[in-house]
Amino acid sequence: MSEKKKKKQLSLPPALIILFIVLAFIVVLTWFVPVSTVTVNDAGEQVVHYNTMTGENGELIKNAGTQPAGIWDLFLAPIKGFQSGADVNFSILISGAFLAIINATGAIDAGIGALLKN
C-alpha cells in the first residue's frame, strides 16, 4: 500500500493579526509620508499643502513634514479607536441584546406565525 503524503495547507492568519499588520504598516508610513491638507481653489483644482492644522483657531503650520508615530501609538490606536467610536459600539451592543431577548422569548417566531395565518 502506498501512503499518501498529506500536503500542509496554507491558511490565513486570524483577522486580528491581519489588522495588526496593516496598522503596523500605516505606522511605518507615518515616518515617510508628510502631513498634508487638500483644498480646492477658485478654478476647481485640488491643491495639496504640506502643512497641518493646530491650535484652537485652526492655524496652519507650513511645511510641517512628517509626524512619525511610535511603537506606543501602535498599541494605543485600537484603544483610541474604540473610545472615539463608543457611541456606535454601544448602540450595536444594545441592538444585539434586544434581538437576542426577542429571539429567546420566541416573539419573532410568534409574529411571523401570526402574519402567515392571515
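V38 sits in strand β1, residues 37-40, where strands are DSSP runs of E with at least two residues, helices are H or I runs of at least four, and both are numbered from the N terminus. This is a predicted model, so local features need pLDDT of at least 70 and side-chain atom pairs count only at pLDDT 80 or more, while totals for chains, interfaces and linings use all residues. Residues are numbered from 1 along each chain as its sequence is written, and side-chain values use heavy atoms, with hydrogens and water left out.

Let's stay with V38 for a moment. Leaving aside residues up to four places away in sequence, V38 touches Q46, V47 and V48, a contact being heavy atoms within 4.5 Å. H49 is eleven residues from V38 along the chain, yet their C-alpha atoms are separated by 6.3 Å.

What joins β1 to β2? Four bridges do, with β2 covering residues 46-49 and the two strands running antiparallel; strands pair if DSSP finds at least two bridges between them. One bridge involves T39, whose partner in β2 is V47. Together β1 and β2 make a hairpin with five residues between them, and G44 in that turn has a positive phi of about 85°.

Now zoom out to the whole chain. It holds four helices and four strands, and reading from the N terminus the order is α-β-β-β-β-α-α-α.

On to confidence: pLDDT is the predictor's own confidence in each residue, from 0 to 100. The protein chain averages 83, with 81% of its residues at 70 or more. Among the elements, strand β3 (residues 51-54) has the lowest mean, 65, and helix α3 (residues 86-105) the highest, 94.

α3 also lends itself to a quick geometry check. The expected span of a helix is 1.5 Å times one less than its number of residues. For the 20 residues of α3 that gives 28 Å, and the end C-alpha atoms are 29 Å apart, which agrees. Right after α3 comes G106, with a positive phi near 80°.

Last, some chain-wide totals. Of the 118 residues, 5% count as buried, meaning under 20% relative accessible area with a 1.4 Å probe, protein chains only. The accessible surface comes to about 10700 Å², and 67% of that belongs to carbon and sulfur atoms; these areas come from the Shrake-Rupley method with a 1.4 Å probe. Among contacts between residues at least 6 apart in sequence, 36% join residues at least 24 apart.

Technical notes: Buried means under 20% relative accessible area, exposed over 50%, partly exposed in between (1.4 Å probe, protein chains only).
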